[in-house]
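Visitor: Hello! I am new here; could you walk me through what I am about to see?

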Amino acid sequence: MKLSRIVSNQPNISRKKANWLIATGQVHVNDLICRMADADVDEFAVVRVNGKTVQQGHCAHYIMLHKPAGYLSATEDDTHPTVLQLLPPALSQGLHIAGRLDRATTGLMILTNNGTWSRQLTLPGMGIAKVYRVTTAYPIGPDTALRFTEGIWFEYEQLTTAPATLELLAPTLARLTIYEGRYHQVKRMFHATGNRVIALHREGIGHLQLNSNLAEGSFRMLTGSEIEGLDRYYT
Ligand code: URA
């Protein structure tokens with residue numbers, strides 16, 4: 001919301017007065033004077049007018065979860081357990097998932113209540129790497145890596161997938177890095193080569209790596225530098 005709107009939401013403060021208070025340095029956002037009436041201020045910021053708090057600022061949560069198989073990437077469901085049920089109820093309030101995984105897929109999942117931040121992580125076209133460990137039903141063909149680099153045609157979306165990198169680890173095991181997040185993307189890419197994914201595990205998203213000591217079903221808060229690390233893609 002614009003700063004002038006937050007200030008003028010107060011009783012007895014008109015929009016004109018709000019603009020004057022801001023211009024004359026009487027308004028602090030997160031303890032810093034902000035003189036821009038049209039500054040975009042999110043709901044996590046503390047806003048004060050002459051020391052009086054006019055916006056308390058919600059607490060932003062950024063969580064890394066090791067998703068086990070069998071949990072749905074949804075906030076609620078009548079049939080299956082959801083990833084949000086792996087968190088304490090007080091913490092899961094208002095959270096959303098930044099980059100869904102299929103029910104059977106395991107690995108790195110990020111949950112937050114900061115939509116501006118999560119959009120930056122998941123925005124198609126930003127080219128943020130998603131790294132998957134893939135187990136296939138049949139040996140991975142010698143031409144698969146090249147086909148993934150060239151892109152796979154997705155009939156439904158009428159598009160070719162962005163160049164992806166395949167690192168063969170064993171005849172039926174590979175590490176695949178993709179830079180988009182299309183529906184069932186990894187399964188569909190392998191399907192296009194005549195193969196079938198039988199296990200899928202997400203190891204990383206951009207600068208965020210799943211900790212090897214984070215057990216399935218466990219979570220931890222992201223660190224300050226992990227949260228701020230998103231800036232590197234936007235500068
Ligand atoms: N691609 C898939 O096919 N499934 C996932 O869960 C994630 C990426």
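Visitor: Where does the ligand sit?

Guide: A word first: this is a predicted model, where local features need pLDDT of at least 70, side-chain atom pairs count only at pLDDT 80 or more, and totals for chains, interfaces and linings use all residues. Residues are numbered from 1 along each chain as its sequence is written, and side-chain values use heavy atoms, leaving out hydrogens and water. As for the ligand, its place is the largest pocket.

Visitor: Which residues are around the ligand?

Guide: A residue counts if one of its heavy atoms lies within 4 Å of the ligand. By kind, the shell holds four nonpolar, three polar and two charged residues. Its members are L101, D102, T105, Y132, H184, Q185, V186, K187 and L200.

Visitor: Which helix gives the most to that shell?

Guide: Helices here are DSSP runs (H or I, at least four residues), numbered from the N terminus. The one you want spans residues 185-192 and supplies three residues. It is helix α6.

Visitor: How far is a backbone N or O atom of K187 from an oxygen atom of the ligand?

Guide: Polar contacts here pair N or O atoms within 3.5 Å. For H184, a polar backbone atom is 3.3 Å from a ligand oxygen. For K187, the distance is 3.1 Å.

Visitor: How far apart are the C-alpha centres of domain 1 and domain 2?

Guide: Domain bounds come from an automatic or database assignment. Domain 1 covers 3-55 and domain 2 covers 62-231. Their C-alpha centres are separated by 40 Å.

Terms used. A polar contact is a pair of N or O atoms within 3.5 Å; within protein, one must be able to donate a hydrogen and the other to accept it, and residues adjacent in sequence count only if both atoms are side-chain atoms. On a 1 Å grid over the protein atoms alone, a cavity is a set of points where a 1.4 Å probe fits but cannot get out, and a pocket is an open set with protein on both sides within 12 Å along at least five of seven lines; lining residues have an atom within 4 Å of a point. A molecule sits in a cavity or pocket if more than half of its atoms lie within 2 Å of its grid points. Helices (H or I, at least four residues) and strands (E, at least two) are DSSP runs, numbered from the N terminus. Ala, Val, Leu, Ile, Met, Phe, Trp, Tyr, Cys and Pro count as nonpolar, Asp, Glu, Lys and Arg as charged, and the others, Gly among them, as polar.
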